[in-house]
Amino acid sequence: MTAETRADDPAVPDLADTAEAAAEDADEAAESPEAPAEWSADDDWTDETLALLRAMRAPHRRQRAKQIGFAVYCTLLVLVVWGAVPSLGLFLQASMGADYTGHGGTLLAAMPSGIAAVGIATVLLVVRDGLWRGPVVPPRATADWLLAHPVRPRPVLRPWFWLSCGLAVFPGLVTACGGMVALGLTLRVGLPAALGWCLVGGACLPLLATCAGLLVERSDRAAQWVRRLTPCATLLVVALGTQSVLAAAGHPVHWLERVELWSGPWGWAGIAALAPTRAAVPGAWVAAGLLIAPTLVCLVLADRAAATVPLIRLRERARAAAGVLAALRTIELRAARLAVTSASGGTRQRRVRLPAPRRSWLVVPWRDALALLRSPARLGRAVVLTVPALLCAVPAHGFRGVPSALATAVALVFGYLAVAQLLEPARIETDDIRRASWSPYPVSDLMLRHAVLPTLVGVLLGLACSLLLVLSGGGPAVWLLPAAVPALVGAGLVNACRGVIRQDLMYSARQGTGAGAGPFVFAAWYAAGPAVAVLVLTLPFSTALRGAAAAPVGTAALWSLVLAAGLLRWAWGRARKLSAQTRPVSA
């Protein structure tokens with residue numbers, strides 16, 4: 001058919017007329033958009049759908065019930081064996097004349113700021129959980145399929161909110177029981193009164209935090225404020241923890257503690273816990289009312305708001321939670337942490353420029369410095385984790401024997417965690433060896449060059465802390481902080497070069513997966529670097545902390561340097577194995 005016949009044939013539509021009509025329809029649709037018709041009550045199949053799903057999933061639900069029952073049994077068994085039985089033994093010894101009241105004054109001094117620190121940390125953890133997961137987290141099948149149909153979201157989502165509330169309250173109940181035991185032993189407070197007052201904060205504060213987490217899950221503005229306030233809240237927790245330790249050591253600031261106790265729910269919980277003691281603060285019943293009434297109101301409002309979380313957000317949270325759970329099941333802890341960071345929106349980097357180095361050997365430290373400046377949160381975490389390391393060194397200085405060694409080991413662990421924050425560039429390049437293709441150096445030599453900047457920054461940070469302690473009247477032991485940095489950096493590099501997760505170590509040929517010595521072997525492989533560093537440095541550092549002379553400090557520093565050389569050699573060998581595993585095999 002020719003163009004002329006097509007134009008003359010009335011059965012063939014004119015292309016120009018068709019295009020013009022389509023344009024007119026599009027303009028009308030743009031001018032008067034109509035929302036899709038909402039499904040009516042006749043289309044509501046919620047009850048029938050849920051009943052069908054319950055029937056179809058009955059075998060799976062029975063299996064899950066058995067698994068949950070076993071988990072609850074194991075949890076209760078651990079609490080009874082490691083909590084109830086020792087507590088009962090202590091009370092029996094107290095009834096036979098044992099006196100534990102000597103620690104009562106220390107406990108009372110540490111409680112105001114200590115409870116405030118724990119309360120703020122609890123709220124911070126729960127609302128940060130709302131950034132990537134949230135209190136309302138249905139499974140992927142529910143978010144992807146069920147909620148896309150004409151089903152009321154309220155009956156589907158409410159149980160998940162209340163499940164999150166129950167999981168949040170459980171640690172608070174355990175903490176309240178621990179507070180009851182401590183108050184009963186050290187202050188001879190009646191157990192029912194101690195448990196009741198401790199439960200006010202132990203139950204209300206996690207529930208309030210869960211409601212705040214739901215607000216963060218629903219609101220982008222609230223999530224943005226949480227990201228902005230997280231550094232300040234973290235510093236506040238560290239400051240309150242430091243104040244609690246200083247108060248227990250005999251340096252309380254009573255007016256500041258009174259301000260902290262009335263500053264918010266975290267302080268009201270402390271007022272309630274102090275109510276049955278001799279250090280009770282006036283207004284305990286007011287504080288209890290300020291906790292209980294808003295908690296009930298927030299729970300009612302959150303129960304109504306649980307069904308209003310957008311479907312697209314539920315799908316994102318369900319996928320993120322499934323990815324983190326899959327990483328944890330395969331013991332990929334780093335992958336789980338990266339998934340949480342990515343889902344929380346914490347991967348934003350600052351645009352910072354540094355002058356390019358003129359010498360080739362400065363390229364790797366320059367890149368590491370640039371990465372550190374673009375992600376200042378790592379340096380902030382290193383500074384924050386240095387504080388508990390210093391606080392743990394205080395009892396190591398005052399105690400003798402095993403308690404001093406344990407406190408020294410804990411201080412070294414916090415020191416390693418602080419230094420490990422500066423080794424992220426090395427871990428990124430060992431996650432995938434192909435990322436190191438930019439470097440003209442072998443991977444083994446590249447890893448050693450990655451140790452330069454963390455060692456320098458760690459030593460400078462340690463020197464700054466040591467100078468502050470010297471100005472405060474500290475002895476020669478304060479110089480142990482920068483002395484430990486080289487060995488801890490070497491331990492971090494050893495862990496960074498461990499390669500893919502050795503899940504085969506979890507398997508025992510005789511007893512199966514997860515039985516026998518398999519978990520211990522895997523833990524020894526997974527934390528080989530820091531484990532060796534802590535075990536080797538604990539004894540010389542503990543000896544140096546207990547003494548007042550400079551010779552033990554020099555000996556401990558020498559141990560650290562020798563151990564650092566050995567650990568760097570170990571990391572170099574591990575990096576060579578990594579590059580050999582990724583090298584193509586010739587035919």
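What volume does the largest cavity have? In this predicted model, the largest cavity comes out at about 40 Å³. Counting cavities of 30 Å³ or more gives one.

Who sits around that space? The lining of the largest cavity is made up of Asp368, Leu372, Arg378, Gln421, Leu422, Glu424, Pro425 and Leu453. Two helices, α15 (363-374) and α18 (424-431), each put at least two residues into this lining. Sorted by class, the lining of the largest cavity holds four nonpolar, one polar and three charged residues.

Now for a helix pair elsewhere in the chain. Helix α11 (residues 265-274) packs with helix α12 (residues 284-305) at an angle of about 135 degrees, and their axes lie 9 Å apart. Because of that angle, α11 counts as oblique to α12; the oblique class stops at 145 degrees, over which a pair is roughly antiparallel. As for handedness, α11 passes α12 in a left-handed crossing.

On the α11 side, Pro265, Trp268, Ala269 and Ile271 make the contact, and they meet Ala284, Ala287, Leu290 and Leu291 of α12. The class tally for this contact of α11 with α12 is eight nonpolar residues, with no polar and no charged ones.

Here are the two class tallies side by side:

| Site | Nonpolar | Polar | Charged |
|---|---|---|---|
| Contact of α11 with α12 | eight residues | no residues | no residues |
| Lining of the largest cavity | four residues | one residue | three residues |

So much for the table; back to the cavity for a last look. Its charged lining residues include Asp368, Arg378 and Glu424, while Leu372, Leu422, Pro425 and Leu453 are among the nonpolar ones.

How values were computed:
Residues numbered from 1 in each chain as written. Predicted model: local features only at pLDDT ≥ 70, side-chain atom pairs only at ≥ 80, totals over all residues. Heavy atoms only, no water. Axes fitted to C-alpha atoms, helices over the stretch in contact; angles between N-to-C directions. Helix = DSSP H or I, 4+ residues; strand = E, 2+ residues; numbered from the N terminus. Parallel < 35°, antiparallel > 145°, perpendicular 65-115°, else oblique. Left-handed = near helix turned anticlockwise from the far one by under 90°. Contact = heavy atoms within 4.5 Å. 1 Å grid on protein atoms, 1.4 Å probe; cavity = no way out; pocket = protein on both sides within 12 Å on 5 of 7 lines; lining within 4 Å. Points joined across faces, edges and corners; volume = space filled by probe spheres on them.
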